[in-house]
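The report below looks at three local features of one protein chain, taken in turn. Please read it alongside the sequence and the coordinates.

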Amino acid sequence: MSDLITLTRPTRTAPAPPAPRSGAAPFRPDIEGLRGVAVLTVLAFHAGVPALSGGYVGVDVFFVLSGFLITGLLAGPRPLALRDFLARRARRILPAAAVVLTATALGGWLLLDPLRGADLARDLLAAAGQFANWRFAGQQTDYLTATRDPSPVLHFWSLGVENQFYLLWGGLVLLLAKGRRPAVWPVTLLVGTLSLLLCLRWTADAAPLGYFSTATRLWEFAIGGAAALLYRRRLFGSTLLGWLGLAAVLTAALLYDRATPFPGSAALLPALGTAALLLSGPGTGRWYQAGGLLASPPLRAAGRLSYAWYLWHWPVLTLAQARYGALPLAVTVALALGSALPAWLTLRYVERPLRRGRSNAPRKGLSVGAVALTVPLIAGLTLGGGAVRALGDPDAVVVIPAGAPSGPLLLAPGVQLTGLTPTLARARTDHPPAGDCQIALTADQSPPCLFGDTRSPDRVVLLGDSHAGQWMAGLLSVVRQRGWALEVLVKPGCPLPTMTVRDEVLGREYTECDRWRENTLTRLATGPKPRLVVVAGLNRFGSAEQRSAGWATALERLKAVGAPVAYLADTPMPGKDVPVCLASGETCTFSREQALLPEPLLTDGLATKYGVTVLDYRALLCPGEGECPPAREGVLLYRDTGHITSTLAATLAPRIDLDLRTAGLLP
């Protein structure tokens with residue numbers, strides 16, 4: 001995806017603005033205007049407006065606002081019953097969300113290919129079930145799924161956080177408010193402190209979890225809750241405090257960018273700025289007060305529209321880009337602004353009628369919420385069912401075709417496939433059969449990972465990153481023919497060449513990779529000697545000079561193992577999601593020049609110097625000098641943007657076997 005939406009780190013979207021209080025306190029027009037500021041910064045960020053590179057801090061503004069308004073409502077002189085509170089939340093939030101989710105399902109059916117439609121269907125179920133934040137946290141911490149195009153309902157992660165907060169905080173505050181009211185204070189401080197500490201830790205160690213987790217966002221709600229408790233006592237209120245708060249929010253929106261570790265300590269600036277604005281009070285509406293500026297008619301109009309506008313703008317942008325590709329800045333800005341129209345219609349015909357209905361009975365509110373949850377679930381299931389039927393049977397058994405042991409053809413003579421193998425329905429799951437042996441990003445030790453005849457004293461070691469792991473099925477076939485064992489030592493995103501890299505999924509320097517590399521090389525050197533070590537890896541880390549120097553250091557360490565070493569040259573990098581591309585009906589070829597980089601072991605003489613046997617199948621996967629194909633002879637070559645299918649690896653087993661025997665590395 002372009003600069004508009006694609007992020008190599010967790011995509012930042014703002015949460016749904018909180019609903020106004022119903023009679024809990026006098027209406028504050030400055031809060032309505034603050035909602036408008038927050039949603040406009042978020043829209044500008046998603047539209048790619050350069051000046052607002054930190055516009056995602058609207059997330060903090062909205063979370064603090066929620067904490068302020070909800071705590072003020074629940075801990076007030078006449079707190080609601082939990083059932084009444086949840087009924088009001090359901091009426092206010094869920095119907096508009098249901099409308100947008102259902103419309104997004106329809107848009108996905110019309111504009112997306114079946115594979116992305118199936119992905120969207122799963123996302124819709126998570127969004128409707130109010131746990132989208134955990135689904136997207138799981139995706140973005142998974143090395144193999146983190147680079148997919150963002151979901152059109154990605155922004156519903158924040159609605160999940162909000163509703164989880166409403167349920168947990170509502171029950172807790174109401175329980176405390178009915179008992180010893182002063183207990184609200186220490187609980188607010190305790191929850192906020194623990195959440196902030198966890199946020200600081202996870203932002204540094206596991207950025208997606210730090211961003212999407214409810215636990216790491218509660219401190220922002222707690223800041224708003226503390227501000228509500230202080231505001232009730234009229235302990236603050238000054239013009240200077242308001243301007244300092246507004247300056248803090250705008251400074252973060254203007255100076256932060258995608259490289260800013262977030263939320264972490266960086267989120268303190270907009271969160272505390274929002275609290276300062278709330279504590280400064282509404283003012284008198286004068287121009288020289290921040291509250292007066294926020295209460296201006298344009299900002300208040302944006303604030304009234306903020307919830308529905310927030311819900312609509314992201315699907316509009318992502319579906320348009322999914323259909324037409326990267327869009328110019330003028331178009332993205334126009335789309336973001338244009339999404340105000342369906343937002344206004346939703347406000348006019350859904351939000352207001354339900355919020356101002358004749359009956360405020362809790363039963364009716366909960367019934368409305370139940371319907372609003374059910375409708376998008378049905379829409380998601382319908383979309384998913386249609387997508388699955390279009391892709392074929394996802395449970396169909398994949399039959400590995402016999403591969404040619406040599407020559408220019410991939411398949412053995414006489415073998416012909418009538419359709420694509422694996423099918424597009426199975427492509428995303430055509431992974432190596434490694435199980436838990438492809439370890440987590442934060443792990444620095446590989447567990448015992450033996451396959452084949454695990455009792456055999458003879459073993460082959462497969463070593464490297466996920467571009468080594470992709471060859472597992474082929475090597476497993478080779479060792480099984482001999483009754484040997486295959487040991488898999490693979491860590492995603494971690495180059496075997498000695499170099500320190502940054503992991504964009506974690507959002508920081510990949511220190512676990514350095515430790516894993518050292519631990520694994522030491523383990524090989526001190527353990528039983530294998531019959532053969534097969535190494536491979538993504539040929540894209542660092543510069544050409546760094547790759548060459550890194551490989552020299554790693555190969556020097558492997559000499560100490562005393563076993564022969566074979567190197568599988570890196571496979572072509574399509575640079576596009578091949579199954580998605582094919583599902584959309586395109587040809588999906590890609591440039592050979594861009595897909596292949598020089599191999600240091602060949603161009604720098606490292607293979608000769610260290611006695612490494614090189615197995616190079618690049619010409620088989622990318623024949624000719626021009627365009628590379630996404631499939632050959634009916635075999636789908638790639639399962640994503642850069643990894644080969646496990647089916648292809650198994651098909652290449654006879655070729656790998658022959659080449660290793662010819663080199664004298666296998667009997």
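## Helix α11 and its cover

In this predicted model, the elements that cover the buried residues of α11 include α1 (29-47), α2 (58-74), α9 (218-232), α10 (239-255) and α12 (290-294). Helix α11 is mostly covered, with nine of its 12 residues buried, namely P270, A271, G273, T274, A275, A276, L277, L278 and L279.

The helix itself runs over residues 268-279 and reaches 16 Å from its first C-alpha to its last, which is close to the 16 Å expected at 1.5 Å a residue. Just after α11, the backbone at G281 takes a positive phi of about 85°.

## The surroundings of T645

T645 lies in the loop between β12 (635-636) and α27 (646-651), and it counts as buried because its relative accessibility is 0%, where buried means under 20%. Its side chain reaches the backbone oxygen of L636 at 2.8 Å and, in addition, the backbone nitrogen of L648 at 3.1 Å.

When its neighbours within four places in sequence are left aside, T645 is in contact with P422, D430, L636, L637, Y638 and R639, so that L636 appears both in this list and as the residue whose backbone oxygen the T645 side chain reaches.

## A nonpolar patch at the surface

L106, W109, L110 and L111 make a nonpolar surface patch of about 440 Å². Of these residues, L110 has its place in helix α3 (residues 82-111), and L110 counts as exposed because its relative accessibility is 56%, where exposed means over 50%.

Terms used: Residues are numbered from 1 along each chain as its sequence is written. This is a predicted model: local features need pLDDT of at least 70, side-chain atom pairs count only at pLDDT 80 or more; totals for chains, interfaces and linings use all residues. Side-chain values use heavy atoms; hydrogens and water are left out. Patches are made of residues with over 30% relative accessible area and no salt bridge: like charges are joined within 9 Å, nonpolar side chains (Val, Leu, Ile, Met, Phe, Trp, Tyr) within 5 Å. Accessible areas come from the Shrake-Rupley method with a 1.4 Å probe; for residues, only the protein chains shown count as cover. A salt bridge is a side-chain nitrogen of Lys or Arg within 4 Å of a carboxyl oxygen of Asp or Glu. Helices (H or I, at least four residues) and strands (E, at least two) are DSSP runs, numbered from the N terminus. Buried means under 20% relative accessible area, exposed over 50%, partly exposed in between (1.4 Å probe, protein chains only). A polar contact is a pair of N or O atoms within 3.5 Å; within protein, one must be able to donate a hydrogen and the other to accept it, and residues adjacent in sequence count only if both atoms are side-chain atoms. Contact means heavy atoms within 4.5 Å. The expected span of a helix is 1.5 Å times one less than its number of residues.
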